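Hello,

Here is the structure I promised to pass on to you. Have a look at it first, and then read on for what turned up.

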Amino acid sequence: MTAKSAAAAARATVYGYPRQGPNRELKKAIEGYWKGRVTADALQATAAELRRNNRQRLADAGVHEVPTGDFSYYDHVLDTTVMVGAIPERHRSAVEADATDGYFAMARGTQDVGPLEMTKWFDTNYHYLVPELGPDTVFTADSGKQVGELKEALAQGLTARPVLVGPVTYLLLAKPAPGVPADFEPLTLLDRLLPVYAEVLADLRAAGAEWVQLDEPGLVQDRTPAELNAAERAYRNLGALTDRPKLLVASYFDRLGDALPILAQAPVEGLALDFTDAAAANLDALAAVGGLPGKRLVAGVVNGRNIWINDLQKSLSTLGTLLGLADRVDVAASCSLLHVPLDASAEKDVDPQILRWLAFAQQKTAEVVTLAKGLAQGTDAITGELAANRAGLASRTSSPITRDPAVRSRAEAVMDADARRSQPYAERTAAQRAHLRLPLLPTTTIGSFPQTGELRTARADLRAGRIDTAGYEERIKAEIQEVISFQEKTGLDVLVHGEPERNDMVQYFAEQLTGYLATQHGWVQSYGTRYVRPPILAGDISRPEPMTVRWTSYVQSLSDRPVKGMLTGPVTMLAWSFVRDDQPLGDTARQVALALRDEVNDLEAAGTSVIQVDEPALRETLPLRAADRDAYLAWATEAFRLSTSGVRPDTQIHTHMCYAEFGDIVQAIDDLDADVISLEAARSHMQVARELAAHGYPREAGPGVYDIHSPRVPSADEAADLLRTGLKAIPAERLWVNPDCGLKTRAWPETRASLENLVAAARTVRSEL
Ligand code: GLN
Ligand code: ZN
């Protein structure tokens, strides 16, 4: 191979594209189908047209090889479950009766059967449906969807490459089916699964696939020698097949580490590797194994999960290095473009100055094409694009939005003491007890109350101009009054205002902070038909004025009982936004933390004695590799403490976490130094209480006794039993009584009944002390 011939052959590709369509047509069609308003035929027609348009858009942009099979009605891992025939027992009859309805039954459950569990796709905000496997699982090949979508692309006259979840990652993402011992390892099914992949690969080849991509992001996490052996065996086995397309094994989101030499030596024809900053180590690692002689390398140099323009010059230099390391080097985004919105140019409200810094799926595709062209034809062929890119980058670097001297000097002046309360917990707690005078086992809730139809109507009326701000605020006040009087009547000890004024716990603050940017159309898939519009941390963050003080003071005026001030913590503000790529995450977190610190202090000054700073995302942003975790947790916990340490000893700081198992972050929870933490625990029967106790967690905690993810009303007996279990781990002086999470997704009737039972349970158990 010569670098020159490798360069001349360079082409552009991507691994996947946003599925929903420019106006979220897919969401509307699917939800219409669920409601019986859209027929199965109409749904399929909409989906087929969206797929066709996506492929055509990619091809027109200059993508040489378009992906297929990345489309999904709900989730590509669920599609893989269908492809390998791993339908859970409880869904079989639904799937046999009707494939589409059965598919949605697995995704969402029905009256009679529960859905598959849903969890986050690596460290993204996309959620996949967890395969349920056991020793009795029988795999059977169903290549229909993959073959069908490939044929659609070929019929359009395009070069297409089917993209599949690889067999190793599929098994690594699976969990033991219900009834199967918890220590069952799905990876032990590999030898049973590989023949099914072999069949699918043969079908794809027969249908005309030259290349097939097998995604193995599971290999960018820490893997045991046994797991690495399995990966080696999988690709030795698939590589040895005779009736198969060429195989491209892809990884992304982090460095491959020990898996890189294994894949480099596997008998496959190509590797697709992430070369963005998060996975920069891949470059040296690839050189260290002598490159990929005789193979195709697909270089993910355009970040597929942020929304910033690429540094094209820097990418060209990376690509230049890579040219000497493989027979053919193609250019790609680092991962599927599923994780970014569709088109930045649709953002008419964004300052044009900032707009040129942004790249969504469409712009990223153009960058990939430009880089491939530059590689193949020389940089002279892309001088215009390079100049525009340089200007965009320069405008970002020099913008006062990016660098606010006041924010920077304040962040630089932060000292260790700023992130520490003025007194240790043992002393603060006495002051707080005297100040708050709460009973043992105090009752509270997490913040939000049911977001009723009336509230949504009020927001829609405000947006449409049918009511003015004053009219809107009247409706919010009425809602708050109802929430407060319900809590007083029910006998809760520490009240909340219910968060009716908040559309979303991150967006609400993002809209009020300078440096944050909102989008109009920046939807990305969270799961199924749920799309979110994460705000963009575009520049240095500051708080022009108090954000919640006015509402909180109003609320406190309604009751003699303490009402919690309610804020979203710095880590969660980052986790559910698009973050900056031009400074360490810890620096951005510190800026957000300082803005929140001012808010916390202002709340205290306005008379708020209990302030809750939610960090539900602390666990989910944990780096994929264990070696990177301590550094993350250090800045994450420091940011939390920085936001909460400016208060008096007798002001009680609460925090809240959910969506997670907490076993591996108990030390970090401790490091937050919050006075009280509420945690999701009802489904795991207070597991977290035992974990905190085992760690010697010294502060107060409220493991949830009411599972808010279900409309089911827990009885007072049941809640009391959970409390008694909690008391075995946490002494009564430090145990709180609360639900698992906020109540905004619940309806009023079950909320009312459940909270009445929760208070009754607390009273019963108090009387037993
Ligand atoms: N305070 C928020 C609420 O109650 C917390 C939400 C969350 O943890 N995701 O809605
Ligand atoms: Zn929660």
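Which residues does H656 touch, not counting residues up to four places away in sequence? They are I446, Q612, D614, P616, I677 and S678. Please keep in mind that this is a predicted model.

H656 sits in strand β19, which runs over residues 652-657. It counts as buried because it has 26 C-beta neighbours inside 10 Å, and 20 are enough for that label.

I began with this residue for a reason that comes from a record: UniProt, in an unreviewed entry, lists H656, C658, E680 and C741 under the feature "binding site". These positions are spread over 86 residues of sequence, yet they cluster in space, with a largest C-alpha distance of 8.6 Å.

E680, another of the listed positions, lies in the loop between β20 (676-679) and α27 (687-695). With 25 other C-beta atoms within 10 Å, E680 is buried too. Leaving aside neighbours within four places in sequence, E680 is in contact with C658, Y659, G704, D740 and C741. Two of these partners, C658 and C741, are themselves on the UniProt list.

Now to the ligand. Ligand 1 is surrounded by 13 residues, the closest being I446, G447, S448, P616 and G742. Sorted by class, this shell contains six nonpolar, four polar and three charged residues. You will recognise I446 and P616 from the contacts of H656.

For the overall picture, the protein contains 29 helices and 21 strands. Its C-alpha trace spans about 75 × 60 × 55 Å along the principal axes. The radius of gyration is 27 Å, which agrees with the value near 27 Å that a compact globule of 769 residues would have. Of those 769 residues, 51% are buried. Among contacts between residues at least 6 apart in sequence, 79% join residues at least 24 apart.

Finally, the interior. In soluble globular proteins, nonpolar side chains tend to be buried together. Here the largest nonpolar core comprises 222 residues, and A299 and V331 have the most contacts inside it. Helix α24 (residues 585-605) provides the largest share of this core, with nine residues. If you would like to look at V331, its contacts beyond four places in sequence are A10, A12, A299, V301, L319, V368, L371, A372 and L375.

Enjoy exploring it, and do write back with your thoughts.

Best wishes

Terms used
Residues numbered from 1 in each chain as written. Chains lettered and ligands numbered in written order. Predicted model: local features only at pLDDT ≥ 70, side-chain atom pairs only at ≥ 80, totals over all residues. Core = buried A, V, L, I, M, F, W, Y, C linked by C-beta atoms within 7 Å. Buried ≥ 20, exposed ≤ 12 C-beta atoms within 10 Å, placed from the backbone. Helix = DSSP H or I, 4+ residues; strand = E, 2+ residues; numbered from the N terminus. Contact = placed C-beta atoms within 7 Å. Near = placed C-beta within 6 Å. Nonpolar A, V, L, I, M, F, W, Y, C, P; charged D, E, K, R; others polar. Rg over C-alpha atoms; globule rule 2.2 N^0.38 Å. UniProt positions renumbered as here; feature names shortened; annotations may be inferred.
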